[in-house]
Amino acid sequence: MERTYLMVKPDGVQRGLIGDIVGRLERKGLQLVGAKLMHVSLEQAKKHYAEHEGKDFYERLLTFITSGPVFAMVWQGDDAVAAARQLIGKTNGLEAAPGTIRGDYAIHTNYNLIHGSDSHDNAEREIGIFFRESELTSYEKVI
Ligand code: CMP
């Protein structure tokens with residue numbers, strides 16, 4: 001069992017896509033164990049995007065992710081990181097395959113609707129930036 005950190009970005013929230021995105025993840029078989037609508041602070045944004053510091057799009061990233069509410073989520077399941085990234089699609093909406101979230105709804109690299117952790121270690125690091133463990137549930141799926 002693995003956990004992953006997913007975040008509907010401000011463009012996805014404003015376009016009313018939270019429900020669609022959550023539905024896709026549920027139907028895939030992933031299990032939602034934590035979620036909240038929140039504003040990302042500059043401090044959280046800098047920690048989250050630390051690996052991109054110095055890149056030409058870094059400042060734009062910080063500005064965008066702090067510009068409005070995001071829907072932060074923790075999902076769990078077997079290979080949750082890979083399963084979620086498969087549903088999300090490639091970073092650039094124009095390159096993402098139809099049928100993926102970005103392939104269906106995004107045409108941009110910066111405004112690409114959703115973030116998904118790219119590794120198990122980053123997932124745990126990112127969960128720690130946005131959630132306290134006490135905010136997360138744990139339950140056995142019975143069906
Ligand atoms: P995300 O999954 O949130 O992780 C880093 C983000 O940087 C990425 O999605 C894109 O939204 C954004 N980004 C903007 N420009 C680029 C770029 N040229 N290459 C990769 N990511 C980019």
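Let's start with R102 and its contacts, where contact means that two C-beta atoms, placed from the backbone, lie within 7 Å. Setting aside neighbours within four places in sequence, R102 is in contact with I88, G89, K90, G93, A96, N112 and L113. This arginine sits in helix α6, residues 101-105. For the element names, helices are DSSP runs of H or I with at least four residues, strands are runs of E with at least two, and both are numbered from the N terminus. R102 counts as buried because it has 23 C-beta neighbours inside 10 Å. The scale here is simple: 20 or more other C-beta atoms within 10 Å of a residue's own means buried, 12 or fewer means exposed, and anything in between is partly exposed, again with C-beta atoms placed from the backbone.

A quick word on what you are looking at. This is a predicted model, in which local features need pLDDT of at least 70 and side-chain atom pairs count only at pLDDT 80 or more, while totals for chains, interfaces and linings use all residues. Residues are numbered from 1 along each chain as its sequence is written. As for confidence, pLDDT is the predictor's own per-residue score from 0 to 100. The chain averages a pLDDT of 97, and 99% of the residues score at least 70. For the complex, the predictor gives an ipTM of 0.92 and a pTM of 0.96.

Now to the ligand. Which residues surround it? They are F57, L61, T91, T109, N110, N112 and H115. Being near the ligand means having a C-beta atom, placed from the backbone, within 6 Å of it. By class, this shell has two nonpolar, five polar and no charged residues. The classes count Ala, Val, Leu, Ile, Met, Phe, Trp, Tyr, Cys and Pro as nonpolar, Asp, Glu, Lys and Arg as charged, and the others, Gly among them, as polar.

It is fun to put that beside the record. An unreviewed UniProt entry lists K9, F57, R85, T91, R102 and N112 under "binding site". UniProt positions are in the numbering used here, feature names are shortened, and annotations may be inferred rather than shown by experiment. F57 lies in the loop between α3 (42-48) and α4 (58-65), and it is exposed, because 12 other C-beta atoms lie within 10 Å.

H115 also deserves a moment. The unreviewed UniProt annotation "active site" covers H115, and this histidine is found in strand β4. Is H115 buried or exposed? With 20 C-beta neighbours inside 10 Å, H115 counts as buried. Not counting residues up to four places away in sequence, H115 touches L6, M7 and K9.

M7 takes us to the largest nonpolar core. A core here is a set of buried Ala, Val, Leu, Ile, Met, Phe, Trp, Tyr and Cys residues joined through C-beta atoms within 7 Å. This one has 28 residues, and M7, V8, W75, A84 and I114 touch the most other members. Two or more residues come from each of β1 (2-8), α2, β3 (70-77), α5 (80-88) and α7 (120-130). The biggest contributor is β3, with six residues. A84 touches T4, L6, L25, L30, W75 and G116, again leaving out residues up to four places away in sequence.

On to the backbone. Most residues other than glycine have a negative phi. What is the phi of L113? It is positive, about 75 degrees, although L113 is not a glycine. L113 lies in the loop between α6 and β4 (114-116) and is buried, with 25 other C-beta atoms within 10 Å. D79 also has a positive phi, about 50 degrees. D79 lies in the loop between β3 and α5, and with 14 C-beta neighbours inside 10 Å, D79 counts as partly exposed.

Two sequence-distant pairs to finish. F131, in the segment after α7, is 58 residues from M73 in sequence but 8.9 Å away in space, C-alpha to C-alpha. F131 is partly exposed, with 19 other C-beta atoms within 10 Å. D20, in helix α2 (residues 18-28), is 81 residues from I101 in sequence and 9.0 Å from it in space, C-alpha to C-alpha.
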